[in-house]
Amino acid sequence: QNEIGGSNVLGMTILACQIDGLRGNYASAAQNAQSIIDQLKAQNAEKEAYEGLEQVFSFYSKLSSIPAPSITRPDCDVSVPIEIEKVKLPTSVEPKGWRGTTILIPVTINGKTYRFIFDTGAGTSFMSERFAKDHQFGFFPALGAAWIASKERFLADPGAMNGQMGTVENMQIGSMIFHYPLITVAPPNALDSVMRVDAILGMDFINLFDELRIYPKEKKIVFPVSSTPLPASGRNMILTDRALKIKAEANNGERLKLHFDTGCSTDGLYYRYYEGHKS
């Protein structure tokens, strides 16, 4: 604290609790957050000094009885079929009625199979409130045994969307079982009139694997049982805030960091980059 200052120590503490929570150690994250809150209160710290920790504690304490997300899989490569479809848009937005494509993967819950967007750009898996209600996952009005939810806005994960949080006991993807995924459940919003999204399989699932292989032309995703050795050039991808970034280089030698987002239907440029590279 003497070297980096109290506010930085507090920021690192919140980050440590978040990392613990992202690993599924919900009870530990809540307990550590509460311990530091108690210490700050004992020092008569102002409430704003530990508001961030209180949000972390409030969220993870509600999840403390839930097991960490995990995968049960066979001891062999798993191939899951995918569909690649055009993203339909209103003609008022896109005259031709569609723009780009998206990857859809079959996910089975309670014996019924649904099409989820396979999205490396989503910090957690996702369902719309409408989808959760229509398929009776037990989220509203009472919480069923198969659905456990937090009624707090999820502020602990910088890669997640805003909304309520919940989990189903099991989701089946191919011959694999995804246990206790952490799902963002979002209310209706203004973008629904442009493109409504109901279900996403996100980075909470993808993070559980060392490697996956996407074959767009063969319309499949393979989850290998053994990882491919790194090429001699080393890694060209990093994981930060539950998002994947790819290292690239422009023709002029400029180093680029590309956001690898399979849920984004088209390529795009951040506005600041575009402003500086119009030519």
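**Close-up views of a predicted model**

**View 1. A nonpolar patch sits on the surface.** Ile4, Met12, Leu15 and Ile19 make up this nonpolar surface patch, and together they offer about 360 Å² of accessible area. Keep in mind that the model shown here, and in every other view, is predicted. One member of the patch, Leu15, belongs to helix α1, which covers residues 6-22. Leu15 has a relative accessible area of 38%, so it counts as partly exposed.

**View 2. Here is the protein chain as a whole, as a backdrop for the close-ups.** The protein chain has six helices and 17 strands. Of its 279 residues, 36% are buried. Take the contacts with a separation of 6 or more: 58% of them are between residues 24 or more positions apart. The chain exposes about 16,300 Å², with carbon and sulfur atoms supplying 51% of that area.

**View 3. Strands β2, β14 and β13 build an open sheet.** The order of the three strands is β2-β14-β13, and their pairing is antiparallel. At the edges are β2 (78-81) and β13 (213-215), each of which pairs on one side only. From one strand to the next, the twist averages 20°. Look at β2 and β14 (residues 220-223): they run antiparallel and are joined by four bridges. Within this part of the sheet, Val80 stands opposite Ile221 of β14.

**View 4. Arg213 and Glu211 pair up through their side chains.** The two residues meet in a salt bridge, at 2.7 Å from N to O. How exposed is each partner? Arg213 is partly exposed, with 24% relative accessible area. Glu211, on the other hand, is buried, because its relative accessible area is 18% and buried means under 20%.

**View 5. Strands β15, β16 and β17 form an open sheet too.** This sheet has three strands, ordered β15-β16-β17 and paired antiparallel. Its edge strands, β15 (237-240) and β17 (255-259), each pair on one side only. Leaving direction aside, neighbouring strands of this sheet are turned by 30° against each other on average. Five bridges tie β16 (residues 243-249) to β17, with the two strands running antiparallel. Zoom in on that pair and you'll find Lys247 standing opposite Lys257 of β17.

**View 6. Strand β4 pairs with β3 and with β5.** Five bridges link β3 (residues 83-88) to β4 (residues 98-109) in the antiparallel sense. Here, Glu83 stands opposite Leu104 of β4. The pairing of β4 with β5 (residues 112-118) is also antiparallel, and runs over six bridges.

**View 7. A hairpin joins β4 and β5.** Two residues lie between the strands of this hairpin, and Asn110 in the turn has a positive phi of about 50°. Which residue of β5 is the bridge partner of Ile109? That would be Lys112.

**View 8. Glu83, Glu85 and Arg115 share a salt-bridge network.** Salt bridges link these three residues in a network. Glu83 has already turned up in View 6, where it stands opposite Leu104 in β4. Side chains of opposite charge can pair when their charged atoms come close. Searching the whole structure turns up nine salt bridges.

**View 9. Lys47 and Glu54 meet in a salt bridge.** Their side chains come to 2.8 Å, N to O. Lys47 is partly exposed at 45% relative accessible area. Glu54 counts as partly exposed as well, with a relative accessibility of 23%.

**View 10. Arg196 and Asp198 form a salt bridge.** The closest N and O atoms of this pair are 3.9 Å apart. Is each partner buried or exposed? Arg196 counts as exposed because its relative accessibility is 51%, and exposed means over 50%. Asp198 is buried, with a relative accessible area of 19%.

Technical notes: Residues numbered from 1 in each chain as written. Predicted model: local features only at pLDDT ≥ 70, side-chain atom pairs only at ≥ 80, totals over all residues. Heavy atoms only, no water. Buried < 20%, exposed > 50% of the residue type's maximum accessible area, 1.4 Å probe, protein only. Contact = heavy atoms within 4.5 Å. Areas by Shrake-Rupley, 256 points an atom, 1.4 Å probe, with all protein chains shown as cover. Pairing = 2+ DSSP bridges. Axes fitted to C-alpha atoms, helices over the stretch in contact; angles between N-to-C directions. Patch = residues over 30% accessible without salt bridge, like charges linked within 9 Å, V, L, I, M, F, W, Y side chains within 5 Å. Salt bridge = Lys/Arg side-chain N within 4 Å of Asp/Glu carboxyl O.
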